[in-house]
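Student: I would like to take a close look at a single part of this model, one chain and the side of its neighbour that touches it. Could you take me through that part in one connected account?

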Amino acid sequence: MTDNHNKEHHLIGYGTYFMIWLSLISLTVLTVSIAGVNFGSIALLIALLIAAIKSGLVINYFMHIKFDDIIFKIFFLVAMATLFAIFVLTSFDIFFR
Amino acid sequence: MANPTIAEKFESYLDYPGMKKGLFGWIFSIDHKRIGLLYLVSMVLFFAVGVTLAFIMKLEMLSPGKDVVDPQTYNTLFTLHGVIMIFLFIIPGIPAVFGNFFLPIQLGAKDVAFPRLNLLSWWLYMIGGIFAIVSLFLQGGPIDTGWTFYVPYSIRTTTNVILPLLGAFILGFSSILTGLNFITTVHRLRAPGMTFFKMPLFVWALYSTAWIQVVSTPVVGITIVLVIIERIFQIGIFDPALGGDPILFQHLFWIYSHPAVYIMILPAMGVVSEILPTFAKRTIFGYKAIAYSSLAIAFIGYFVWAHHMFTSGMSDTSRMIFSLLTFVVAIPSGVKVFNWIATLYKGSIDLRPPLVYVMLFIFLFSIGGLTGLILGSLATDVHIHDTYFVVAHFHYVMFGGTIIILFGALHYWLPKMFGRMYNEKVANIAAGIIFVGFNILYFTMFILGYQGMPRRYWSYLPEYQTLHIISTVGSWILILGMIVMFWNLIYGVLKGKSAGDNPWGGTTLEWQIQSPPIMENFHEIPTITHEPYYHAAAINTEDNKHKKIDEGENE
Amino acid sequence: MSKPNEGVEKVPLHLADPHHHKDAIGAKMGMWLFLFTELLLFGGLFLLYMAYRLQYTQDFVIAAKELNLMMGTINTIVLLTSSLTMALSIAAIQRNKKTLAIWMLVVTVAFALAFMVIKYFEWTAKIHHGIYPGSPDLLNMPNGEIIFYGMYYSMTGLHALHVIIGVVIILFMLVFLIRDKITQHDYIKLENAGLYWHLVDLIWIFLYPLFYLIH
Ligand code: HEM
């Protein structure tokens with residue numbers, strides 16, 4: 001199993017990590033600077049969208065899931081789908097009460 | 001796999017090979033088999049406490065007004081009975097005992113993926129349990145909120161709420177660790193040739209259960225933490241006086257606690273899928289259907305939680321959606337039952353104690369399930385919500401379902417775990433007493449509830465008294481049956497005659513090894529070439545029968 | 001009665017400990033499963049947040065004005081950078097650069113502590129203004145603002161707890177690195193610690209807009 005370990009480890013360069021970090025910081029700056037702009041009700045959506053992009057970067061590169069075994073991606077999707085379903089089903093109560 | 005000669009006996013896991021002697025060899029052992037037994041012993045002790053509390057409750061119900069306890073004591077009695085039975089007994093239940101013991105063996109592995117974590121989860125379990133028990137004796141008195149801890153009462157009552165809640169949180173942690181251990185074990189430690197569709201159905205059930213444990217327990221974890229914080233700091237999140245919404249508590253609570261009923265029942269269904277092919281002497285009917293239905297139950301079961309909240313003031317839209325979803329979850333359960341019956345059809349049925357318990361299960365669980373339909377449909381539930389009808393329903397499914405199968409699993413696997421056989425005739429008689437007592441105790445509760453007897457009440461109107469007396473007598477019979485059963489099992493474990501390696505003619509891997517198993521389970525990791533319930537491949541079953549008789553004569 | 005011990009062959013000791021096997025993928029799988037539980041734990045809080053934000057939209061806007069956007073933003077950048085150094089530490093040990101890996105971990109811990117210090121100032125400033133759970137000032141405010149601060153303190157508090165746990169874990173990794181328990185060929189412990197640390201970052205990525213960027 002140990003050779004398994006080495007084989008599946010795709011090495012990411014220092015440079016890639018720096019680029020990811022730069023994008024994360026830029027996105028943070030972006031989300032702060034547009035927070036003042038009056039987007040009305042979609043402001044929250046935009047902020048969350050940016051947060052989602054940021055977390056996508058963290059998960060794929062920092063947490064390496066992009067280069068991991070497919071099973072990890074499936075697991076992750078299962079967990080996210082569960083969380084999503086909880087939100088949707090609870091919303092039926094929250095929004096229609 | 002080479003044919004292991006059974007006559008050759010090796011030192012078993014019970015004999016401390018390479019471990020500390022005495023108690024420490026057990027409570028610090030990281031062997032999955034020993035941890036399984038640790039759970040078994042501790043759970044049975046907690047169960048005894050829970051039953052004692054119930055016994056007192058039923059005595060109190062002999063007549064209206066005070067018989068043995070006062071109202072506040074009654075409140076704490078049903079709360080603790082619920083907490084102990086749910087969090088300390090039935091949720092760890094089958095996975096913690098039989099999952100720990102047999103999951104690695106059935107997969108052809110030497111242990112679970114994280115043996116140390118496994119030991120930790122037993123320790124957490126004990127700590128959680130001790131917290132719950134200790135809270136009894138502290139100032140303020142034992143918790144009286146009901147096992148559901150509903151706010152706002154649980155943030156107002158002056159009894160000891162924080163300690164048992166902390167206990168429940170720790171127990172959740174323990175459950176999560178078991179779950180993630182099992183998932184990783186199934187993915188990483190299958191023996192060569194053991195593909196997913198060659199795994200025994202018990203493993204499938206445990207796998208599905210483990211997923212529910214991992215993805216639902218944290219939700220109740222945070223809920224419990226918030227109640228504790230609310231009590232200490234007044235953050236207002238669940239306090240209606242400060243703008244909080246108690247219904248959200250109920251959502252979060254049931255997001256866990258409904259899937260939790262599948263944590264309880266799925267492993268039991270897995271055990272049934274093991275016992276049936278063994279005693280019908282043929283392969284299981286519809287292997288894949290049963291395997292997938294476990295996953296389906298786990299999946300859909302996650303989305304029906306709010307049927308516990310039909311009368312809570314939740315929106316009508318969600319009441320209808322959840323009522324619909326509740327009916328959908330019956331489909332995969334139905335798939336299982338049909339396949340089980342098809343397995344028995346034309347099988348050469350050998351009615352030994354484990355199968356007797358499965359029969360009880362099918363009968364009792366069907367009653368529980370069918371009354372569940374009545375509760376699941378919105379219109380009828382509004383009338384019988386919070387009555388004894390509900391109490392009867394969940395005892396039929398939890399006790400008549402899971403616990404009866406836990407008893408069945410004990411009868412099925414104890415000979416493997418200890419290498420000794422109990423008295424089968426006594427086992428059957430005990431099953432009979434349990435069955436009679438159970439129905440007298442709980443069926444009357446259906447009628448009581450239908451007539452309007454509310455649950456969690458200390459006293460009642462005189463017209464309910466006859467039924468309550470019948471029910472109480474039933475509880476005595478049931479407890480008598482359980483005493484006989486446990487006595488028979490314990491006597492068998494200590495003094496019974498040798499069971500042989502494969503007393504039932506089972507086909508899965510645990511029956512191909514020595515009983516009791518050696519420390520590393522297998523001398524040589526097996527290679528799997530056929531499906532799990534392939535009877536022609538079972539090793540030495542006939543030999544075993546002769547061997548058993550021989551040894552019996554020697555005693 | 002036949003004793004089960006009779007004629008027993010002793011199992012050789014090296015076989016008697018079957019519990020040792022190294023499986024990096026398995027370990028990582030366990031870690032991910034644990035992270036899911038963390039996600040769902042916070043998921044419950046986010047669910048509550050959604051419900052209350054919908055119910056008390058106006059109050060949330062007013063209450064959020066009190067939060068210090070500057071400090072929140074700096075903390076975001078601090079945490080993101082600590083995630084970078086964590087990733088770099090792993091990249092370094094993969095290339096057998098032990099010293100670099102150690103230094104990167106030290107920097108990670110430093111950033112984590114910086115985060116906690118800023119958080120400390122933020123909280124104490126609020127508490128000085130009399131805004132803390134159960135305070136008389138807070139209880140006089142409208143319900144929505146009480147809830148906002150209830151959510152704020154419990155969510156950032158729980159997150160801060162995770163930061164502290166993360167620091168402890170990273171310190172352990174530091175010791176392992178120095179003692180060569182983590183090497184180029186066996187660094188799964190460090191990787192798992194990294195996963196945990198990134199999760200802490202991930203949660204903050206969502207907490208930040210939900211509390212500091214309400215307008
Ligand atoms: C001898 C066996 C048992 C007896 C006589 C018994 C009796 C009772 C009674 C009478 C109540 C209702 C109290 C009330 O609402 O006033 C009750 C509640 C309950 N029982 Fe049992 N029970 C037994 C076994 C079990 C088992 C095995 C389980 C679960 C695995 C269980 C779980 C519960 C739960 C969760 C409640 C609800 C507690 C609450 O209202 O908060 N019981 N039991």
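Tutor: What follows is an account of chain A, from its own fold to its contact with chain C. Please keep in mind throughout that this is a predicted model.

Chain A contains four helices and zero strands, so that its elements, read from the N terminus on, run α-α-α-α. The chain is divided into two domains, with domain 1 covering 13-63 and domain 2 covering 69-97, and the centres of these two domains, taken over C-alpha atoms, are separated by 22 Å. Of the 97 residues of chain A, 41% count as buried, while the chain exposes about 5100 Å², of which carbon and sulfur atoms supply 74%. When contacts in chain A between residues at least 6 apart in sequence are considered, 61% of them join residues at least 24 apart.

One residue of the backbone deserves a pause. A:H64 is found in the loop between helix 3 (43-62) and helix 4 (70-96) of chain A, and its phi is near 75°, a positive value in a residue other than glycine. As a general point, most residues other than glycine have a negative phi. A:H64 has a relative accessible area of 7% and therefore counts as buried, the cut-off being under 20%.

Turning to the partner, 44 residues of chain A are in contact with 50 residues of chain C. C:I25, C:W32 and C:L84 supply 13% of the area that chain C buries against chain A, more than any other three residues. The size of an interface is often given as the accessible area lost when the parts come together; for chain C and chain A, about 4400 Å² is buried between them, with 80% of it on carbon and sulfur atoms.

Charged and polar pairs can be listed briefly. The count between chain C and chain A is three residue pairs in polar contact, both residues being at pLDDT 80 or more, and the count of salt bridges between these chains is one. In that salt bridge the side chains of C:K28 and A:D68 meet, at 2.8 Å from N to O. On the side of chain C that touches chain A, helix 2 (24-55), helix 4 (69-94) and helix 8 (188-212) of chain C each supply at least two residues, and helix 2 of chain C gives the most, with 17 residues.

Key. Residues numbered from 1 in each chain as written. Chains lettered and ligands numbered in written order. Predicted model: local features only at pLDDT ≥ 70, side-chain atom pairs only at ≥ 80, totals over all residues. Heavy atoms only, no water. Domains from an automatic or database assignment. Buried < 20%, exposed > 50% of the residue type's maximum accessible area, 1.4 Å probe, protein only. Contact = heavy atoms within 4.5 Å. Areas by Shrake-Rupley, 256 points an atom, 1.4 Å probe, with all protein chains shown as cover. Buried area = accessible area lost by both parts, 1.4 Å probe. Salt bridge = Lys/Arg side-chain N within 4 Å of Asp/Glu carboxyl O. Polar contact = N/O pair within 3.5 Å; in protein donor to acceptor, adjacent residues only side chain to side chain.
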